[in-house]
Amino acid sequence: MTDDLDQMREQMLAAVAASPGLDALDVVRVDALGKQGRITQLLKTLGAMSPDQRQVEGPRIQGLREAVAAAIAARKDALEAAALNARLATETLDMTLPVDAAPAGTIHPVSQVMDELSEIFADLGFAVATGPEMETDWHNFSALNIPDTHPARAMHDTFYLQQGVDAKAAGTADERTTVSLLRTHTSPVQIRTMLANKPPIRIIAPGRTYRSDSDATHTPMFHQVEGLVIDRGITLGHLKWTLETFLKAFFERDDIVLRLRPSYFPFTEPSAEVDVGYTWTKGKRVIGGDPDKMRGDGPNGGWMEVLGSGMVHPKVIAACGLDPAEWQGFAFGCGIDRLAMLKYGIDDLRAFFDGDIRWLKHYGFSALDVPTLSGGIGAAA
Amino acid sequence: MKFTLSWLRDHLDTEADLDTILRTLTRVGLEVEGVADPGEALAPFTVARVLSAERHPQADKLQVLQVDAGNGPLQVVCGAPNARAGLVGVFGAPGTYVPGADITLKVAAIRGVESNGMMCSARELQIGEGHDGIIELPEDAPVGESYASYAGLTDPVIDVSITPNRQDCMGVRGIARDLAAAGLGTLKPLAAEPVAASGAGPAVRTDTPGCPALFAQNVSGVTNGDSPEWMRRRLTAIGQKPISTLVDITNYLMIDLGRPLHVYDRATLAGPLVARAATEGEEVLALNGKTYRLSAGMTVIADDAAVHDIGGIMGGEHSGVTPATTDVLIECAYFDPDGIARTGQALALTSDARQRFERGVDPAFLDDGLAIATRLVVDLCGGTPSEVTRAGSPPVEPRVISYDPDLCRTLGGLAVPAARQARILLSLGFSVGAIDHADAYSDALFSQIEGRWPVRVPTWRRDVDGPADLVEEVIRIEGIDRVAAVPLPRVPGVARPTATPEQKLERRVRRAAAARGLDEAVTWSFVSARDAAPFGGGAWSLANPISEELKVMRPSLLPGLLSATHRNLARGQGGVRLFEIGRRYLADGERPTLGLVLAGDRRPRGWREGKAAGFDAYDAKAEALALLAAAGAPVDNLQVMPVPSEAEGGEAGEAWHPGRSGTLRLGPKTILARFGMLHPSLLKAFDLDGPIAAVELYLDALPAKRGSGLARAPYAPPALQPVRRDFAFIVPTGLAADALVRAVRGADKVNIVAARVFDLFEREDERSMAVEIVLQPSEKSYTDADLKAVADKVVAAAAKLGATLRG
């Protein structure tokens with residue numbers, strides 16, 4: 001009996017191991033463990049045995065059944081794996097073939113920089129204000145202390161609207177309400193803001209501006225951002241800090257050096273033009289750096305004008321119906337296109353307005369490059 | 001404003017070197033635009049003597065010279081007719097760059113004779129026009145020495161940008177005064193002692209408020225030759241062409257003192273000289289050779305016969321001085337600045353005089369200006385001056401500002417000691433209290449001023465009229481760089497959004513568009529009238545456009561984008577997806593708008609999809625809906641309707657394909673977007689091969705989102721699975737898919753949560769649409785009877801539109 005079982009085990013395990021496929025393995029399974037299978041038959045003999053004999057033979061037959069069942073299961077897994085592998089071996093693709101990328105759009109540098117400015121100034125408590133691009137004489141000039149005959153008006157190469165010219169000719173023009181020109185700067189938004197809001201005021205006003213000027217470095221349309229703070233006790237010192245903080249945050253450098261130069265704008269007093277120092281590093285112009293290198297526009301660095309600023313002229317404050325004895329503040333204006341060029345290394349202003357897709361793809365920004373304080377204001381190349 | 005360093009030193013007694021002067025100019029607000037040292041280019045040229053001159057053996061017009069430039073004889077071939085033995089001239093050695101000829105000299109054989117350098121003409125050195133021969137210097141010029149230092153051409157020329165408020169710095173003296181105030185030395189006194197006069201002054205008068213004061217003086221018996229070397233050199237250095245002594249004197253004093261003058265040849269005048277208002281249409285031939293037609297109200301200087309001067313702007317050709325002039329009238333006038341500005345603008349005539357008069361010259365300087373001019377004339381041209389005639393009087397109105405010196409700190413952010421402030425103001429010509437001159441200052445006098453200071457503004461500072469101006473004066477001299485940065489106090493409370501809802505909307509739509517593969521362009525706000533026409537034409541046009549192409553404020557963003565599309569396709573771009581967010585300019589205002597153009601390949605040809613495909617109207621619809629969704633518009637509630645015709649209040653012109661475009665509306669009237677294919681005739685006008693799809697999205701028409709706070713409406717996903725059922729309908733031709741879907745969707749508003757067309761079959765006489773509906777059971781699963789009931793309702797609803805279930 002013992003010999004028989006051992007022999008049966010060996011024979012069955014051999015048959016399992018020799019099964020070439022799942023079908024053959026099933027034949028072996030039926031032969032051993034099927035209803036009429038040999039091990040099944042052996043198990044049926046247990047009932048006729050004496051308890052003593054059953055105690056001896058029972059575990060042996062069960063042992064045989066388990067061993068064979070385990071071998072069959074193992075062989076089945078192996079055969080299935082082999083079959084899968086064989087199938088997979090035939091399923092090949094040239095994974096180097098190109099796929100169609102979803103078209104990637106871009107954000108224009110001007111929009112990106114406007115978003116950056118909004119973010120930087122939001123942190124300083126400045127809201128974003130807007131105003132019309134087609135303006136009245138009063139908002140663009142007179143309220144800003146630029147009277148009709150002021151030489152500063154000639155500096156502004158203004159685009160006049162035919163409707164305004166006609167209204168003047170017909171004598172129906174009202175300086176305050178007749179839309180007569182394209183705003184030459186974002187400063188009229190100062191006026192509109194002061195007229196519509198009570199101080200304290202902190203705003204920036206980015207937007208399109210227009211001057212009749214067209215050459216390699218001037219376009220008839222360009223972008224400016226205006227800043228305005230009106231409060232009690234605001235001084236030139238606050239202006240200086242704000243501009244420093246803004247430019248440091250914008251260029252993401254601590255070594256930004258500003259040079260304020262006394263200047264003249266009819267709507268500020270005192271007025272200052274602001275230069276930012278640059279240095280040459282490996283043949284590239286870099287905003288910021290060692291102040292010693294900026295001295296005297298030499299081969300190591302120099303200064304470039306980035307904005308105009310000053311303390312809001314008392315006449316401007318009064319024109320907006322506020323008491324200049326109580327309220328004072330500062331204003332500044334800065335070219336957005338120029339900021340974008342300086343920060344992102346763009347050298348051709350005219351290309352901003354051409355819509356050349358190659359240029360937009362190169363200098364534009366991903367939709368995901370949303371400027372945030374935590375993630376960084378600028379977007380790396 | 002250009003001047004030379006030596007010229008500045010005529011007015012400023014200073015030890016400061018050029019570099020310090022330049023830095024200080026910029027620091028006090030007189031921005032240095034450039035500095036040129038003419039001596040630099042001339043440095044290699046030396047004074048040389050021609051030892052001998054012989055005819056060139058091979059050329060009639062050339063000579064072979066032996067030249068001594070300090071180191072013995074050199075052989076030089078020269079073509080100048082005046083080259084001769086004994087002449088002392090200017091020599092450039094081999095290796096020297098000759099600026100006027102743009103060549104670098106080298107040893108070369110000229111017609112077979114070696115030449116070792118060049119004897120130069122004035123033009124070759126860019127120091128004059130002379131090119132008839134080489135420069136001839138006096139006999140005693142030092143041979144071998146630098147020509148530039150011998151000739152005094154080492155005077156650096158400084159170019160300063162003068163802001164419009166600083167008329168006083170349109171003269172060298174004003175600049176010197178600022179520098180002195182800034183601590184760079186002392187302002188030299190100005191000698192203005194009149195020359196002893198004899199005889200009555202000229203007959204002049206003023207009849208117009210445009211010229212409140214007209215002072216004049218005759219000088220008889222003058223000789224008007226070339227002005228002296230020093231004067232010509234300075235004028236040439238700053239780019240003024242010397243003409244004759246009398247003209248040069250007026251030009252010189254205009255630069256020197258910022259005081260324009262005019263000199264008339266008395267022989268050309270008939271009767272008294274009168275400042276009067278011009279009569280309409282009066283003409284004058286100005287010194288620039290052009291004839292100007294004047295309007296009433298402009299100010300002219302005229303005699304009985306003719307107009308001789310566009311007052312304060314430009315003199316007349318007829319009465320100008322010539323070399324033959326012997327008797328002159330010198331005019332020193334004050335013109336109303338506003339009048340000058342208006343006349344100058346109207347005539348589009350700029351001049352150095354206008355620049356100064358319209359900014360307002362010193363009204364208290366007429367007598368001194370005239371005295372200085374007359375002295376120069378007498379000194380340089382001889383002659384005898386008459387008495388001065390003073391017609392009218394200049395508006396010298398003392399302006400006193402009540403100044404609290406603490407304003408310097410509270411406005412300027414710089415605490416400057418009161419005494420220091422007083423001294424700065426005094427040095428700039430202001431008087432403080434009883435102290436009316438910088439030299440009169442003493443601490444004792446100063447301490448007597450109590451409270452606010454009465455500060456009197458000098459007559460030459462028309463721009464200063466309030467305390468803030470005084471703060472600027474103090475700070476720019478003290479140094480604006482000394483103002484310390486002071487942090488702006490943080491706004492108390494929690495940070496709130498600083499962007500308005502409109503701005504947030506723009507940002508969302510912009511980034512959504514870029515995320516969908518569109519490139520953002522920025523195009524001009526103005527287009528040509530031709531390009532605006534198909535979009536209803538421009539309501540606004542420029543009176544002074546740069547060109548016809550940039551004349552009309554755009555009524556739509558599409559013309560600019562189509563032009564950009566044309567350029568891109570012409571450059572070989574396969575697919576164009578451009579958008580822009582900006583304003584369109586309508587008769588009643590500026591409206592924020594998004595424009596979008598899809599052109600060329602939607603996708604390139606590929607190994608998976610085969611041939612390239614273009615864009616169609618549904619691509620445009622998809623973009624419109626996606627961007628409206630990003631903007632928060634209720635996309636599911638929008639109606640698709642045709643683009644309105646002109647009769648229905650739409651715009652004139654043919655912009656959109658009549659059958660392949662539509663509008664998305666919120667209610668029947670509010671159009672949120674137009675989309676579809678553009679009209680072929682529009683594309684032709686832009687030289688584009690179609691088809692091109694486009695969208696215009698009217699950001700201003702979007703309903704404002706109601707402020708519903710941050711919390712969302714409560715929601716729990718349903719536990720039961722949705723059930724889908726398909727219906728195939730045969731529909732009448734002309735039934736819009738949208739109408740069918742709405743009907744089906746509305747058949748059972750409780751159970752049907754979605755419906756959409758998923759298949760479409762069209763044959764000549766038959767159109768069938770397959771619609772899928774989604775049913776959402778709420779508390780218990782649907783029974784067959786439930787589903788049948790819904791299906792019956794769907795079929796009944798469709799039947800009302802003439803749609804029948806396909807058998």
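# A guided tour of chains A and B

Select Gly709(B) to begin: this residue sits in the loop between β38 (693-698) and β39 (723-731) of chain B, where helices (H or I, at least four residues) and strands (E, at least two) are DSSP runs numbered from the N terminus. The model is predicted, so local features need pLDDT of at least 70 and side-chain atom pairs count only at pLDDT 80 or more, while totals for chains, interfaces and linings use all residues. Residues are numbered from 1 along each chain as its sequence is written, chains are lettered from A and ligands numbered from 1 in the order in which they are written, and side-chain values use heavy atoms, with hydrogens and water left out.

Gly709(B) counts as exposed because its relative accessibility is 59%; buried means under 20% relative accessible area, exposed over 50%, and partly exposed in between (1.4 Å probe, protein chains only). Add Asp265(B) to the selection: from Gly709(B) it is 444 residues away in sequence and 84 Å away in space, C-alpha to C-alpha.

## Domains of chain B

Next, colour chain B by domain, with bounds that come from an automatic or database domain assignment. The assignment gives domain 1 (2-37 + 155-187), domain 2 (40-151), domain 3 (204-392), domain 4 (402-482), domain 5 (501-701) and domain 6 (723-805). Between the C-alpha centres of domain 2 of chain B and domain 5 of chain B the separation is 70 Å.

Now select residues 396-485 of chain B, which UniProt records as "domain: B5" in an unreviewed entry. UniProt positions are given in the numbering used here, feature names are shortened, and annotations may be inferred rather than shown by experiment. The span is 34% helix and 13% strand, and its end C-alpha atoms lie 40 Å apart.

## Tyr264(B) and its surroundings

Move to Tyr264(B) in strand β17 (residues 262-265) of chain B. Is this residue buried or exposed? Tyr264(B) counts as buried because its relative accessibility is 0%. Not counting residues up to four places away in sequence, Tyr264(B) touches several residues, including Leu269(B), Ile301(B), His308(B), Val321(B) and Glu331(B); contact means heavy atoms within 4.5 Å. Its side chain and that of Glu331(B) are joined by a polar contact of 2.5 Å. A polar contact is a pair of N or O atoms within 3.5 Å; within protein, one must be able to donate a hydrogen and the other to accept it, and residues adjacent in sequence count only if both atoms are side-chain atoms. For a longer span, draw a line from Tyr264(B) to Glu15(B): these residues are 249 apart along the chain, and 41 Å separates their C-alpha atoms.

## Where chain B meets chain A

Display both chains and select the interface, in which 85 residues of chain B are in contact with 89 residues of chain A. The area buried between the two chains is about 7,300 Å², with 57% given by carbon and sulfur atoms; buried area is the accessible area (1.4 Å probe) that two parts lose on being put together, summed over both. Across the interface of chain B and chain A there are 11 salt bridges, each a side-chain nitrogen of Lys or Arg within 4 Å of a carboxyl oxygen of Asp or Glu. Pick Lys361(A) and Asp519(B), whose side chains meet in a salt bridge (2.9 Å, N to O). Between chain B and chain A, 48 residue pairs are in polar contact (both at pLDDT 80 or more). Strand β32 (residues 575-586) of chain B gives the most to the side of chain B that touches chain A, with 9 residues.

Select Thr163(B), in the loop between β13 (157-161) and α5 (172-181) of chain B. Which residues does Thr163(B) touch, not counting residues up to four places away in sequence? They are Ser263(A) and Tyr264(A). Thr163(B) counts as buried, because its relative accessibility is 14%, and its side chain makes a polar contact of 2.5 Å with the side chain of Asn165(B).

Turn to Glu269(A), in strand β7 of chain A, which the UniProt annotation "binding site" (unreviewed entry) covers. Glu269(A) counts as buried because its relative accessibility is 5%. Not counting residues up to four places away in sequence, Glu269(A) touches Met311(A) and His313(A) along with Leu411(B), Ala468(B), Asp469(B) and Glu472(B).

## Backbone details

A cis peptide bond joins Glu269(A) to Pro270(A), with omega about -5°. Pro199(A) and Pro200(A) are also joined by a cis peptide bond, with omega about 0°; Pro200(A) lies in the loop between α9 (188-196) and β4 (201-210) of chain A.

Finish at Glu252(A), which is not a glycine yet has a positive phi of about 55°.
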